[in-house]
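Please look through the structure shown here. How its parts are arranged is the topic of the questions and answers below.

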Amino acid sequence: MSAPSHFEDVVVIGAGYAGATAAAYLTKAGRRVTLLEGHATPGGCAGFFKRNGFSFDVGATTLNGLGEGLPLARLSEDFQFESKFEKVDPAVHIHMDGQVVKRFTDIDSWSSELAPLVEDRSELLSFLHTVERKSEEFWQIATGYPLSPYGISDYFKYVGMGPSRLFSLLGGFLSSIESRIPERLKRSPQFMRLVNELLLISAQGYADKCPAVVGFLGLGYMSDMYYPWGGISSMADELCHKIKSYGGSVSFNDPARSVKSVPGGYEVQSRKGSLQTRAIVFAVPIWNVAELLGEMPVATKVDDKASKQGECWSAITATMGLRFIRPVEGLYHQVHIQNAPPEVHSGSLFVSVSHPDDRERAPEGFRSVTVSTHAQWVDFSHERTTEEYQQQKQRLGQYILDQLKGHFPIDEESVVEFRIGTPRTFNRFTRRYNGWVGGIPWKAGSLPLGRPGYRLPGKELYLIGDTALPGQGVSGVVLGAQSLADRLLG
Ligand SMILES: Cc1cc2nc3c(=O)[nH]c(=O)nc-3n(C[C@H](O)[C@H](O)[C@H](O)COP(=O)(O)OP(=O)(O)OC[C@H]3O[C@@H](n4cnc5c(N)ncnc54)[C@H](O)[C@@H]3O)c2cc1C
């Protein structure tokens, strides 16, 4: 049965990078689309907030996937963005054991930085070359083959990639990245700590658990990393403007509350009213989808799939407006830490500093800084009074500040804005179930078949975003959205 004429073609729920991208492609192709966003601004985990002349990135701060043929390059070309990005090299300054190791993008320079940590430089060089080669190979597979197979013909496409690539891919999911690191490099605890902390931020897991495919992509991430001028959400904002210019509708402060079946499609109930639509693209985590589907019979199947995915990470963040008392080299820093409070589930803090000339981020002489580290919902979920929660945040804030003072030229007067975010903050502002962010962690030893793809049970219901394949990161969710849009637009 075809849908009545007052139906939208598609309602997209969530204006993070996944939802904004999908809605932009669909409206550009002439589909009637409404994008619903619960918050006042787009971007979600790659969003921002403004305070006293500063603009703070709330979570994500770095971009990659802007190289030829990669998702953000395609997005930028398809929508002719005005947003500017600047390649950062060294990508990250790693502060560990009293020294700074620079993550240069060029392999020779990067290996010179790492050489003092390992016994054998030639093995190190060969491993770093393998990382580059494999990361390129897996990007090509991710952009050239179906991410989420629809039917038998898609499985034939995988077979078409040839035995050597196919075995490399399968082996890359079944083995861990740790098993690909030469033994002589593994003997260095410092080298392994450095690798593990890089993997935790780029691949959401340490080397022993992380599949080789994801590990190679994670370690390769910083070979091509960019600073987004104006903040990480600038492209999401542009996408929303494009959607409107193509005749689509973007409704902020308008969270979807429930979905039900109606003849010819679905009805989405949101804060501002209700919409009837032929199809729904959920660009929110799969657990949120199960809640939105509520009483619909497919909800149980989605819930089953969601509950099989296990626990995810959350984050603690500190956003600060500050003035360094001496110049600081580099925009991105990973600071290895010790004696962390029990709520910090990582051995490092990731510190992102706005460019000194980025006036959209901070007033002259000041910088906008976002610090993030891994956390778990359980440490914040149990009953606490407001006062206890404030004390917990104050304790975490003091710890982060003390760590930064050991590595950056700041004193008490340097910091003019300071705010702590916790898993509860992510839960409140992005509505993400349990404040879980960064997608579903990968586990070496299993193929991605059990992970959510973009096809949900139920006709014309789709899932994108960081809990669907290919997974987390701005470039990952943009690729997922492009892949779904290509499929829907045939
Ligand atoms: C601390 C931190 C650091 C990170 N660092 C990086 C990084 O440097 N680089 C990188 O590439 N990635 C990074 N990531 C990961 C990246 O931010 C995410 O994987 C990606 O932005 C997820 O996009 P998404 O669209 O899937 O989901 P989200 O960004 O969560 O977007 C979902 C949107 O849906 C909205 N929403 C939720 N429920 C509803 C509802 N019922 N109705 C309407 N709207 C709703 C939310 O408000 C939100 O805007 C980081 C993440 C975190 C938390």
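What follows is a set of questions and answers on domains, the ligand shell, helix packing and unusual backbone positions.

Q: What kind of model is this, and from which number are residues counted along each chain?
A: This is a predicted model, in which local features need pLDDT of at least 70 and side-chain atom pairs count only at pLDDT 80 or more, while totals for chains, interfaces and linings use all residues. Along each chain, as its sequence is written, residues are numbered from 1.

Q: Into which domains is the chain divided?
A: The bounds come from an automatic or database domain assignment. Domain 2 covers 89–224. The others are domain 3, at 313–435, and domain 1, made of 8–51 + 64–84 + 232–310 + 443–489.

Q: How many residues of domain 3 are in contact with domain 1?
A: The C-alpha centres of these two domains, domain 1 and domain 3, lie 28 Å apart. Two residues are in contact if their C-beta atoms, placed from the backbone, lie within 7 Å. On that basis, nine residues of domain 1 touch domain 3, and the residues of domain 3 that they meet number six.

Q: Which residues come nearest to the ligand?
A: A residue is near a molecule or strand if its C-beta atom, placed from the backbone, lies within 6 Å of it. The ligand has 39 residues around it. Those that come nearest are G14, G16, G44, A60 and G465.

Q: How many residues of the ligand shell are charged?
A: Ala, Val, Leu, Ile, Met, Phe, Trp, Tyr, Cys and Pro count as nonpolar, Asp, Glu, Lys and Arg as charged, and the others, Gly among them, as polar. The shell around the ligand has 16 nonpolar and 19 polar residues. The charged residues number four.

Q: Which helices and strand each supply at least two residues of the ligand shell?
A: Helices (H or I, at least four residues) and strands (E, at least two) are DSSP runs, numbered from the N terminus. Domain 1 and domain 3 each give the shell at least three residues. The elements that each supply at least two are α1 (17–28), β13 (314–322) and α16.

Q: Is α1 roughly parallel or oblique to α16?
A: Axes are lines fitted to C-alpha atoms, for helices over the stretch in contact, and angles run from 0 to 180 degrees between N-to-C directions. The axes of α1 and α16 are 8 Å apart, at an angle of about 30°. Angles under 35 degrees count as roughly parallel, over 145 as roughly antiparallel, 65 to 115 as roughly perpendicular and the rest as oblique. The angle therefore makes α1, relative to α16, roughly parallel.

Q: Which hand is the crossing of α1 and α16, and how many nonpolar residues does their contact have?
A: A crossing is left-handed if the near helix is turned anticlockwise from the far one by less than a right angle, and right-handed if clockwise. The crossing of α1 with α16 is right-handed. Residues in the contact include Y17 and T21 of α1 and V474 and L488 of α16. By class there are three polar residues, no charged ones, and the nonpolar ones number twelve.

Q: Which residues of α10 does α1 meet?
A: Helix α10 (residues 234–245) packs against α1 at about 30°, with the axes 9 Å apart. This crossing is left-handed. From α1, the contact takes Y17, A20, T21, A23, A24 and T27; from α10, it takes A236, L239, C240, K242 and I243.

Q: Is α2 oblique or roughly parallel to α16?
A: Helix α2 (residues 71–79) and helix α16 (residues 474–489) have axes 8 Å apart. The angle between them is about 60°. That value makes α2, relative to α16, oblique.

Q: Where are the prolines that follow a cis peptide bond?
A: One cis bond joins D89 and P90, with omega about 0°, and another joins L469 and P470, with omega about 10°. P90 is in the loop between β5 (85–87) and β6 (92–96). P470 is in the loop between β18 (461–463) and α16.

Q: Which residue other than glycine has a positive phi near 50°?
A: The residue is in the loop between β6 and β7 (99–103). With phi near 50°, it is D97.
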